[in-house]
Amino acid sequence: MTKLRAIPKMDKLLSCEELKKFNTAALKPLITHFLEKYRHNLLDGGEVLEFQDCVEEIKNLYLQQSQKSLTPVINATGIVVHTNLGRSVFSHEILEEIMPLLSSYNNLEYDLKEGNRTERYYHLRNLFRLLVPCEDILIVNNNAAAVFLILNTFAKGKEVIVSRGELIEIGGSFRIPRVMEDSGAILREIGTTNKTYLQDYKEALNENTAMIFKAHKSNYEIKGFSYEVDYKELIDFAKEKEILDYYDLGSGYLGFKKENLDKTEISLEEIAALNPSLVSFSGDKLLGSTQAGIIFGKKKYINALKKNQLLRMLRVDKFTLSCLEATLKAYLDKAYHKIPTFAFIAQTKEELYQKAQELLTLIPTCFAPQILPSQSYSGGGAMPNKALPSYAIALNSPKAQKLENALREHKIIARIEQEKVLLDVRTLYKQDFAKIQTALLAIAKE
């Protein structure tokens, strides 16, 4: 029991000069935890610690717990919209543009002309309609929310016709059948995994049908002996039968030349020209903006969505709206350099090779670096099998995994292929080059 007298008191620790600078409310539970652990250790025969040693342990515990974990990394994977690395990146120009809105009061829900309250969604309506002709739009916090809101609003207790080949699952176990069930909609599967015809839709139609649902195959494709109904045919059929057609596009794009994308990908402009009832897609994928679910289509359907009480739980804030507004304005002005996602995907092979040559000169020779042709991808659940030709710096090492681990400690995310560590230049900024050189020099010394 004599040992236990060595345990310092809470008030003595709190008044210690080294700990006084910390947040007291946050520090107290950590001290309690430490003292309890110390007490058990002494009862088990452990050694008595000096007071200063106790302070150091508590200090280190506090610093460890209070450290911010989100940190910038260098994306050398070649995956442009990398979900694990934050998806689309914001440019400094976009952030500088929206900073005055975020650091001051603004007219988020205020009509400056009339002097009264208005809705927050109108800020994007005119800009979006200049780019994508449609009647109206609505923004929610992500595309999964858009899917749920649409199904819950128009198909609760009613049937939704979906091709079996489009019963998708995307990241995080987001499954269309489960989402339909949770929204209150009734799934009506038609066709087979590889083939669905218009006749299948016709045969499934009944008095309880609310909607024809089409889902973009975001992360897979069906090749070979397969067939699916063209979206235009589904729109025409839905109009004829006076039911709603809805396309969960997943990832929508603007401005790209077709050669930069999978030929099967359809642009937002092309979809809008078909005059659909409703379409939804993500703001942070190919569009290259912030996380959001963007819904566009017929005004009467958008108005119905706004009346659903769920919208209050799914609504977006001033950051989302201002970031989307700035991104759409950049598209309208063809200022594509302000949209890193667009700029990364649109790079030519010549530009990429020039980047690779520039980076090569900075790599320590001990890694026997060389430029190799590479395949990069858009990522983010878009164009799953469309490889984007690129170049990578190959780093040779007898222990590739150890080198990849070391790069990760320097916050550089690379990939391993054929026992070589590859730095794909498609997703690298020029300012990343010096950081990569510094990291590799440090690793070489180690």
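Colleague: Which helix gives the most to the lining of the largest pocket?
Modeller: This is a predicted model; local features need pLDDT of at least 70, side-chain atom pairs need 80 or more, and totals for chains, interfaces and linings use all residues. Residues are numbered from 1 along each chain, and side-chain values use heavy atoms, without hydrogens or water. Four residues of the lining come from the top contributor. That is helix 15.

Colleague: Which elements each supply at least two residues of that lining?
Modeller: Helices (H or I, at least four residues) and strands (E, at least two) are DSSP runs numbered from the N terminus. One strand segment, 74–75, is on the list for the largest pocket. The full list is strand 1, helix 5, helix 15 (340–346) and helix 18 (432–445).

Colleague: Which residues are closest to the centre of the largest pocket?
Modeller: A pocket is an open set of 1 Å grid points with protein on both sides within 12 Å along at least five of seven lines; lining residues have an atom within 4 Å of a point. About 1100 Å³ of space lies in the largest pocket. Of its 35 lining residues, the closest to the centre are Val73, Val89, Phe90, Tyr429 and Asp432.

Colleague: What lines the largest cavity?
Modeller: A cavity is a set of points where a 1.4 Å probe fits but cannot get out. The largest one holds about 30 Å³ of space. Its lining is Val89, Phe90, Ser91, Ile94, Gly288, Thr327, Lys338, Ile339 and Pro340.

Colleague: Why is helix 5 called oblique to helix 14?
Modeller: Helix 5 (residues 92–102) and helix 14 (residues 318–332) have axes 9 Å apart and pack at about 140 degrees. That angle makes the pair oblique. Angles under 35 degrees count as roughly parallel, over 145 as roughly antiparallel, 65 to 115 as roughly perpendicular, and the rest as oblique. For helix 5 and helix 14, the deciding angle is about 140 degrees.

Colleague: Which residues of helix 14 does helix 5 meet?
Modeller: Contact means heavy atoms within 4.5 Å. Helix 5 brings Ile94, Glu97, Ile98, Leu101 and Leu102. In helix 14 they meet Lys318, Phe319, Ser322, Cys323, Glu325, Ala326 and Thr327.

Colleague: Which residues of helix 4 meet helix 3?
Modeller: The axes of helix 3 (residues 24–43) and helix 4 (residues 51–66) come within 10 Å and cross at roughly 130 degrees. The two helices are therefore oblique to each other. Helix 3 offers Ala26, Leu27, Leu30, Ile31, His33, Phe34 and Tyr38. From helix 4 come Cys54, Glu57, Ile58, Leu61, Tyr62 and Gln65.

Technical notes
Axes fitted to C-alpha atoms, helices over the stretch in contact; angles between N-to-C directions. Points joined across faces, edges and corners; volume = space filled by probe spheres on them.
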